[in-house]
Amino acid sequence: MVDVDVVVVGLGVGGEEVAGRLAEAGLNVVGIDGELVGGECPYWGCIPSKMMIRAANALAEARRVDGLAGTVQVQPDWAPVARRIREEATANWDDAAAVRRFTGKGGHFVRGYGRLTGPGRVQVGDQVFQARHGVVVGTGSTPVIPPIAGLADTPYWTNRQIIEAEELPESLLILGGGAIGLELAQVFARFGVRVTVVEALDRVLAVEEPEASEVAAAALRADGVEIHTGVRAERVDHDGSRFTVHTSDGGRFTGERLLVSTGRRARLADLGLETVGIDPGQRFLAVDDRMRVRATGNGAATGGNGVTVGHGATVGNGATVDGVWAVGDVTGEGAFTHIAMYQASIVVCDLLDQVRQADGAVDASGTARAGGGAMG
């Protein structure tokens with residue numbers, strides 16, 4: 001077992017920021033991630049998707065020249081878009097630069113999937129780390145795959161496969177009318193793909209104002225996207241070359257590719273949360289205003305009043321769990337980069353303040369006061 005100051009499990013946007021700033025402040029920090037340092041955003045989310053959107057917008061704008069400023073012929077070509085995503089945005093989905101960025105600040109990186117095995121203790125592979133001051137969970141989110149008959153046995157796409165696509169399909173079916181599905185629907189339609197969106201609720205962008213749904217639907221239809229709302233996918237077939245989606249109203253939609261974009265959920269499975277008094281079955285980690293995780297739900301509850309941890313001790317439901325913070329998508333506070341960065345500042349401030357109090361030392365770097373309100 002190796003004693004360290006802080007362990008950060010998951011180095012997405014928020015986790016990397018926490019780990020890097022704590023390392024810069026002089027703490028002994030271990031950052032753990034089994035995938036790519038930086039998380040979903042730079043590799044399969046915000047950055048590559050905006051490259052796709054920018055290219056699609058350029059095509060749409062070029063098509064407006066006719067009747068406005070002359071004539072033009074537009075020939076879509078996906079190859080330069082795919083190349084830019086591969087070479088400029090993601091370095092062919094290689095995080096070597098991000099790892100160097102973290103280790104260059106003094107952090108220690110471990111590739112693997114961390115699991116809590118007790119208060120302050122994290123195991124990854126055959127290594128065990130004991131954190132003196134705390135563990136930060138920043139494991140992000142993963143696509144929700146609905147239990148539709150036949151779907152699991154098909155080569156469907158999530159946001160990762162569609163971002164990595166080297167060639168465009170002739171047609172694309174999209175399950176889900178949320179923001180991610182719709183932005184990709186517009187991109188592909190503007191590149192000439194026949195796109196069909198199937199949404200179970202009565203409108204797209206159902207979490208937004210109804211007026212926003214109407215505007216978005218009208219814009220998408222103007223780009224040639226076919227939208228079906230108020231219908232549920234009940235079965236999915238794949239014959240080796242095409243998908244068929246059977247819907248609750250007896251409808252049938254076919255396409256070369258199928259994108260499942262029906263929401264995301266926090267990555268909490270197999271983290272060993274129950275060993276520190278946290279219910280592993282909850283949708284996300286509840287936190288207080290300092291991003292300290294609260295004990296909630298059933299888990300290993302004793303008599304309905306608390307959760308067993310360590311040697312029979314209990315953590316009351318709703319109370320914060322000593323030495324565990326969370327940041328980013330796992331908190332359920334909004335899956336946005338700017339929110340994760342804001343939360344990271346709070347965690348850094350709170351942890352460094354705790355370290356200073358525990359050690360009776362002054363933070364000469366002043367890092368503990370960076371980022372605002374967590375100092376109170």
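## Buried, exposed or in between

A residue is called buried when its relative accessible area is under 20%, exposed when that area is over 50%, and partly exposed in between. The model you are looking at is predicted. Let's try the cut-offs on two cysteines. C41 has a relative accessibility of 14%, so C41 counts as buried. C46 has a relative accessible area of 32%, which makes C46 partly exposed.

What does a search of the whole structure for disulfides find? The search finds zero disulfides. As a reminder, a disulfide is a covalent bond between the sulfur atoms of two cysteines.

## Salt bridges

Side chains of opposite charge can pair when their charged atoms come close. How many salt bridges does this structure hold? The count is 22. Three of them are described below, so keep the 3D view open as you read.

## D5 and R132: a link between two strands

One salt bridge joins the side chains of D5 and R132, with an N to O distance of 2.9 Å. Why does this pair tie together parts that are 127 residues apart in sequence? The reason is where the partners sit: D5 belongs to strand 1 (residues 2–9), while R132 belongs to strand 6 (residues 127–137).

The two partners also fall into separate accessibility classes. D5 is buried, at 11% relative accessibility, whereas R132 is exposed, with a relative accessible area of 51%.

## R267 and E35: a link between two loops

Another salt bridge brings together the side chains of R267 and E35, at 3.6 Å from N to O. This pair links distant parts of the chain, 232 residues apart. R267 lies in the loop between strand 15 (264–266) and strand 16 (292–294). E35 lies in the loop between strand 2 (29–33) and helix 2 (40–44).

Are these partners buried or exposed, or something in between? R267 is partly exposed, with a relative accessible area of 26%, and E35 is partly exposed too, at 22% relative accessibility.

## R86 and E87, and a shared network

R86 and E87 form a salt bridge as well, and their closest N and O atoms are 3.8 Å apart. R86 counts as partly exposed, at 21% relative accessibility, while E87, at 53%, counts as exposed.

Salt bridges can also share partners, and here is an example: E35, E40, R160, R264 and R267 are joined into one network in this way. You have already met two members of that network, E35 and R267, as partners in a salt bridge.

Technical notes. Residues are numbered from 1 along each chain as its sequence is written. This is a predicted model: local features need pLDDT of at least 70, side-chain atom pairs count only at pLDDT 80 or more; totals for chains, interfaces and linings use all residues. Side-chain values use heavy atoms; hydrogens and water are left out. A salt bridge is a side-chain nitrogen of Lys or Arg within 4 Å of a carboxyl oxygen of Asp or Glu. Helices (H or I, at least four residues) and strands (E, at least two) are DSSP runs, numbered from the N terminus. Buried means under 20% relative accessible area, exposed over 50%, partly exposed in between (1.4 Å probe, protein chains only). A disulfide is a pair of cysteine sulfur atoms within 2.5 Å.
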